[in-house]
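These are my notebook entries on a structure that I am opening for the first time. I write down what I looked up, in the order in which I looked.

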Amino acid sequence: MALFPLSSNFEGDFVLQLLPVDTEHTMDEVAAAAAHHSVGRRVRARPGHILRIRRQGSDEFLPRTMKVSEAGFKPTETIEIIWEASKH
Amino acid sequence: MALLNRMDWYEIARTTNWSPKYVTEQELFPVEMAGDYGLPQEAWEKYDEPYKQTYPEYVKVQREKDAGAYSVKAALERSKIFENSDPGWKSVIKSHYGALARLEYAAATAEARMMRFSKAPGMRNMATLGCLDEMRHGQIQLYFPHEHVSKDRQMDWAHKAIDTNQWAMIAARHFFDDIMMTRDAISVSIMLTFSFETGFTNMQFLGLAADAAEAGDHTFASLISSIQTDESRHAQIGGPALQVLIENGKKADAQKKVDIAFWRAWKLFSVLTGPVMDYYTPLEHRKQSFKEFMEEFIVAQFERALTDLGLDLPWYWDHFLEQLSEQHHGMHLGSYFWRPTMFWNPAAGVTPAEREWLEEKYPGWNDTWGECWDVIIDNMVEDNMAMTYPETLPMVCNMCNLPINYTPGKKWNVKDFPLEYKGRLYHFGSEQDRWCFEQEPERYAGHLSLVDRFLAGMIQPMDLGGALNYMGLAPGEIGDDAHNYAWSEIYKAMRAEKKAS
């Protein structure tokens, strides 16, 4: 377990933000941590959606259960947090 | 005794180049200070300054200018204009003084470098007067705000700001250190006087003078009009230097310096001047939008200045023109949301009437920045104020040192422009910021942005209190909404009306 800094680029928000996470956090937990700094502050919640993580420039979402330590992020690397319509 | 006309003796008197016998030319003009353009002194002697002014003429005119500005101040000192002015307007003058007053003194050093180390005699003469100009600007812009320090502690930042690690001041220092404090004399003439002063200073001073007069602040209007007359003279130091470089096959080098300085100046103005014109200035006093002003006074004039010299438009010109409608809205939203970190009180500027104006001037504003403001306003209406503040830092560009932001909402296109250099990951707010870094990485690589400092443990404790302490913001100086949220009452009333119906 270790503190790990990322840069959050949250869909619909206007600014990149410093996002401290833990190396043991899953991508769902990273998304929730990012949402804390954007949703309800400058971005409206979107009912019926979940949040997914991808690297900047990639179209592929990282698996929701993948841990930060497994993702190979560089410290302060920018991740995009994207709204995805729930499947059910 | 009859005096000769100026033009009968000016050129002889100011042609002061000579062939040094006791030292080498390189010792007289060290490369670090004079630049290394491979041009002989004779090439620089062709430098033809557009303003030919002598020292006695200069002193006479400057004395009159000072007498005029100080008289207006003296006459209006008991007028209560400051006390009675809109809080948004007070924020305008606080940001102006804090960002510029002491940097004017720094600019005197830059002018002094041209005065001593330029190989062009005409430049040395103009820069002598320019150096005196900048001292005057430093003095007058510290003296004028001083009368308000006892009424409002944030006014003390006219003197204090430059010595602090407040984020906008880190950005301003990084920019001015780059273009005027750490460059050779010729580069200073290109980057400070041509790119920054010809390009942008006009706007700060002309635009604000118009807004100040509208707002009834005649002291401030006369002060900055007085300064502007100096700027319009010494801003012309760079043009003839560019001409010499272009005529001697150095266009590429000259162009690159223009492109770097212009971009960097634009970013700084997008945070300092954009919000002032489009959000802080009371709606009824706005003459033009920031974009309209930029298009009239910057784009048209600067394009003409470049083409007259035979230079190209900067390679990013189209993108710059697009940014005129976009970048400063995010800079404003950011400085408002992180308002405790400001040394002035940002005016939100988003009442329904102001939003209508923004939508008219910037079609699509409500679907983009407006969407973020809607959430902030809802929180205010519901007295959920904690959610109108941040709990983390914005990521900051390693070139402009400003938050990395762009357009939100329905046109969301925010993006990082990263670069790995010698094992360190840098973040940039645009392709142009990253390009500036790539031109001379070692020049910039060692600098730590506010976020880098935070992650390095230099800001303790690692929370808002620690950050404010690091930035030098004492109680009574910490920024808050300029109108104490009175504007949000309109939305509360609208909500109540809607519920009632």
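**Entry 1: a residue in a strand of chain B.** I began with B:Arg424, which counts as partly exposed because 14 other C-beta atoms lie within 10 Å, a number that falls between the 12 or fewer of an exposed residue and the 20 or more of a buried one. I note at once that the model is a predicted one. B:Arg424 sits in strand E2 of chain B, which covers residues 424-426. I also looked up its distance to B:Thr128: the two are 296 residues apart in sequence, and their C-alpha atoms are 42 Å apart in space.

**Entry 2: helix H21 of chain B.** Next I went to helix H21 of chain B, residues 431-439, where I found B:Gln432, B:Asp433, B:Cys436 and B:Phe437 to be buried. Viewed down the axis of H21(B), the buried residues fall within an arc of 145°, and therefore they line one face of the helix. On the other side of H21(B) I noted B:Glu438 and B:Gln439, which are exposed. What do the buried residues of H21(B) pack against? In chain B they pack against helix H14 (251-272), strand E1 (419-421), E2 and helix H22 (441-444). The strand E2 in that list is the one in which I had found B:Arg424.

**Entry 3: chain B as a whole.** I then stepped back and looked up the make-up of chain B, which has 25 helices and two strands. Its radius of gyration is 24 Å, close to the 23 Å that the globule rule gives for 501 residues, so chain B is as compact as a globular protein of that length. Along the principal axes, the C-alpha trace of chain B spans about 85 × 60 × 40 Å. Of its 501 residues, 48% count as buried. Among the contacts in chain B between residues at least 6 apart in sequence, 78% join residues at least 24 apart.

**Entry 4: a buried methionine.** I wanted an example of a contact that spans a long stretch of the chain, and I chose B:Met380, which lies in helix H20 (residues 369-381) of chain B. Is B:Met380 buried or exposed? B:Met380 is buried, because 20 other C-beta atoms lie within 10 Å. Leaving out residues up to four places away in sequence, B:Met380 touches B:Met385, B:Thr388, B:Tyr485 and B:Ser488. For B:Ser488 I also looked up the spacing: it is 108 residues from B:Met380 along the chain, yet their C-alpha atoms are separated by 6.8 Å.

**Entry 5: backbone angles in chain B.** Most residues other than glycine have a negative phi, and most peptide bonds are trans. With this in mind I looked for departures from the rule. B:Tyr485, one of the residues that B:Met380 touches, has a positive phi of about 65° although it is not a glycine. B:Tyr485 is found in the loop between H24 and H25 of chain B, and with 14 C-beta neighbours inside 10 Å it counts as partly exposed. B:Asn484, with phi near 50°, is likewise positive without being a glycine. The place of B:Asn484 is in the loop between H24 and helix H25 (488-500), and B:Asn484 is exposed, because only 10 other C-beta atoms lie within 10 Å. Which residues does a cis peptide bond join? The cis bond joins B:Gln460 and B:Pro461, with omega about -15°, and B:Pro461 lies in the loop between helix H23 (450-455) and helix H24 (464-470) of chain B.

**Entry 6: where the two chains meet.** The contact takes 24 residues from chain A and 28 residues from chain B. Strand E1 (3-10) and strand E2 (17-22) of chain A each supply at least two residues of the side of chain A that touches chain B. By class, that side of chain A has eight nonpolar, nine polar and seven charged residues.

**Entry 7: the strands of chain A.** I finished with E1(A), in which six of the eight residues are buried, so that the strand is largely enclosed by the rest of the structure. E1(A) and E2(A) pair in the antiparallel sense over six bridges, and A:Pro5 stands opposite A:Pro20 in E2(A). In the hairpin of these two strands, which has six residues between them, A:Gly12 takes a positive phi near 95°. E1(A) is also joined by four bridges to strand E4 (residues 78-85) of chain A, and this pair runs parallel; A:Ser7 has A:Thr78 as its bridge partner in E4(A).

Note on methods: Residues are numbered from 1 along each chain as its sequence is written. Chains are lettered from A and ligands numbered from 1 in the order in which they are written. This is a predicted model: local features need pLDDT of at least 70, side-chain atom pairs count only at pLDDT 80 or more; totals for chains, interfaces and linings use all residues. The radius of gyration is taken over C-alpha atoms; the globule rule is 2.2 Å times the number of residues to the power 0.38. Two residues are in contact if their C-beta atoms, placed from the backbone, lie within 7 Å. Ala, Val, Leu, Ile, Met, Phe, Trp, Tyr, Cys and Pro count as nonpolar, Asp, Glu, Lys and Arg as charged, and the others, Gly among them, as polar. Two strands pair if DSSP finds at least two bridges between them. The arc is that of the directions from the helix axis to the C-beta atoms.
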